[in-house]
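Thanks for coming. I will go through one structure today, part by part. Please have a look at it first.

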Amino acid sequence: MITMKDIVLEGHPVLTQVAQEVQLPPTEEDTELLKKMLQFLKNSQDEEIAEKYKLRAGVGLAAPQLGLSKRMFAVHFEDLDGKVYSDGYFNPKIISHSVEKTFLSSGEGCLSVEREVPGYVPRYARITLTATNLAGEKVKLRLRGYAAVVFQHEFDHLNGIMFYDHINKEEPFSIPNNAKPCDVVDLD
Ligand code: 4LI
Ligand code: NI
């Protein structure tokens, strides 16, 4: 099982590197790894398991965060419409995005970052992403709001980009051009 000791922290070079494409169809080994990553996210959101293994809650995890240069990530969350995103993706591509931007009004956190980095992280408000999912199917997802933010955060990890790279250094809380805040599902 994946625990916090498997997660590499900022400063690790793999977090700044462009990750390698994975072989398609995915190998059994890559599929097993991605399943374990998804299970980590589920565990991290389970109060009892998280407490027992001291897991920090996350809704997304990318392979570079395990020190692996592979273009794959897992997500596990529900958006405001009650739509559940719980899957793993190989070689995702953002094939189009809106001009409009969005951001989480509470800022972003990352399992590889053990400090609070204050500020708005501008993201595209809507994206269309293609990938191969855990079931091995080619999928095309149209995402907006919180879902778009989470997928862009994880996608960035595959390109060596951290959320704070997007924060305006002079004015961390200046509203990005063209941006409206997006709402997040209330967790309790
Ligand atoms: C407990 C059980 C407040 C502060 C609100 C917690 C189950 C921040 C938000 C969770 C913030 C769950 C999250 C992300 C933010 C903040 C990620 C809590 C886990 C909220 C997920 C990838 C950015 C994603 C909304 C500095 C580890 N996650 N909160 N950002 N939640 N969570 N990100 N922002 N301010 N990070 O962090 O998984 S996209 Cl589900
Ligand atoms: Ni992250």
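Let me start with the metal. In this predicted model, the nickel ion (ligand 2) is held by three donors, Cys 110 through SG, His 153 through NE2 and His 157 through NE2, at 2.1 to 2.3 Å. Along the chain, these donors are spaced as C-x42-H-x3-H. Cys 110 sits in the loop between strand 4 (101-104) and strand 5 (123-124), while His 157 belongs to helix 3 (residues 145-157), so this pair ties together parts that are 47 residues apart in sequence.

Are these two residues buried or exposed? Cys 110 has 4% relative accessibility and His 157 has 1%. The cut-off for buried is under 20%, so Cys 110 counts as buried, and so does His 157.

Next, the nonpolar cores. The largest has 22 residues, and those touching the most other members are Phe 73, Val 75, Phe 77, Tyr 85, Tyr 89, Leu 143 and Phe 151. At least two residues each come from strand 2 (72-78), strand 3, strand 6 (126-133), strand 7 (138-144) and helix 3. Which element gives the largest share of this core? That is helix 3, with seven residues. Another core, of 19 residues, lies apart from it; Ile 2, Ala 63, Ala 74 and Leu 111 are among its members.

Last, one polar residue. Asn 91 is part of strand 3 (residues 84-97) and is buried, at 5% relative accessible area. Its side chain makes a polar contact with the side chain of Glu 21, at 3.5 Å. Leaving out residues up to four places away in sequence, Asn 91 touches Glu 21, Val 22, Leu 24, Arg 71, Thr 130 and Ala 131.

Technical notes: Residues are numbered from 1 along each chain as its sequence is written. Chains are lettered from A and ligands numbered from 1 in the order in which they are written. This is a predicted model: local features need pLDDT of at least 70, side-chain atom pairs count only at pLDDT 80 or more; totals for chains, interfaces and linings use all residues. Side-chain values use heavy atoms; hydrogens and water are left out. Donors are N, O and S atoms within 2.8 Å of the metal (3.2 Å for Na, K and Ca); water is not among the atoms, so sites may look incomplete. Helices (H or I, at least four residues) and strands (E, at least two) are DSSP runs, numbered from the N terminus. Buried means under 20% relative accessible area, exposed over 50%, partly exposed in between (1.4 Å probe, protein chains only). A polar contact is a pair of N or O atoms within 3.5 Å; within protein, one must be able to donate a hydrogen and the other to accept it, and residues adjacent in sequence count only if both atoms are side-chain atoms. Contact means heavy atoms within 4.5 Å. A nonpolar core is a set of buried Ala, Val, Leu, Ile, Met, Phe, Trp, Tyr and Cys residues joined through side-chain atoms within 4.5 Å.
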